[in-house]
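Hi everyone, thanks for making time this morning. I'd like to walk you through one small model, so have a look at it while I talk.

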Amino acid sequence: MPIIVDVDVELAKHKISVGDFARAIGLTPANVAVLKNGRAKAIRFSTLDAICRVLECQPGDILRWVPEEH
């Protein structure tokens, strides 16, 4: 998938554990892992809002597009 989720980079910058982050944004640690590992098929705007609020970042700090190689 050409959309890359860089949540792990922001978590490391802020020194926040996955468990603490999951609680803060209202997801399970398993669902945070799905985001981190690039297996998510969609993300709700309310979840994206919570992520940006907790990490004090912009959506572009955690989402990036990479063209697929053909």
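Let me begin with a term: accessible area here comes from the Shrake-Rupley method with a 1.4 Å probe. By that reckoning the protein exposes about 4,900 Å², and carbon and sulfur atoms supply 55% of it. Please keep in mind that this is a predicted model.

Now the overall layout. There are 5 helices and 2 strands, and from the N terminus the order reads β-α-α-α-α-α-β. The radius of gyration is 12 Å, close to the 11 Å that the globule rule gives for 70 residues, so the protein is as compact as a globular protein of that length. The C-alpha trace spans about 40 × 20 × 20 Å along its principal axes. Of the 70 residues, 29% count as buried. As for contacts with a separation of 6 or more, 61% of them involve residues 24 or more positions apart.

On to the inside. Which residues of the largest nonpolar core touch the most other members? Among its 16 residues, those are Phe21, Ile25, Ile51, Leu55 and Ile62. Helices α1 (7–14), α2 (18–25), α3 (29–36) and α4 (45–55) each supply at least two residues of this core, and α4 gives the largest share, with 5 residues.

So let's stay with α4 for a moment. Its buried residues are Thr47, Leu48, Ala50, Ile51, Cys52 and Leu55. The cover over them includes α1, α2, α3, α5 and β2 (63–65). Leu55 is a nice one to click on: leaving aside residues up to four places away in sequence, Leu55 touches Glu10, Leu11, His14, Ile16, Phe21 and Ile62.

Finally, some backbone angles. Most residues other than glycine have a negative phi. Here are two residues with a positive one. Right after α4 comes Glu56, with a phi near 50 degrees; Glu56 sits in the loop between α4 and α5 (59–62). Lys15, in the loop between α1 and α2, has a phi near 55 degrees. Are these two side chains buried or exposed? Lys15 is exposed, with a relative accessible area of 77%, and Glu56 counts as exposed too, at 70%.

One last item, on charge. The protein carries 9 positive and 9 negative side chains, and the centres of the two sets lie 6 Å apart.

That's my tour, and I'm happy to take questions.

Key. Residues are numbered from 1 along each chain as its sequence is written. This is a predicted model: local features need pLDDT of at least 70, side-chain atom pairs count only at pLDDT 80 or more; totals for chains, interfaces and linings use all residues. Side-chain values use heavy atoms; hydrogens and water are left out. A nonpolar core is a set of buried Ala, Val, Leu, Ile, Met, Phe, Trp, Tyr and Cys residues joined through side-chain atoms within 4.5 Å. Buried means under 20% relative accessible area, exposed over 50%, partly exposed in between (1.4 Å probe, protein chains only). Helices (H or I, at least four residues) and strands (E, at least two) are DSSP runs, numbered from the N terminus. Contact means heavy atoms within 4.5 Å. The radius of gyration is taken over C-alpha atoms; the globule rule is 2.2 Å times the number of residues to the power 0.38. Lys and Arg count as positive and Asp and Glu as negative; His and the chain ends are not counted. The place of a charge is taken as NZ of Lys, CZ of Arg, CG of Asp or CD of Glu.
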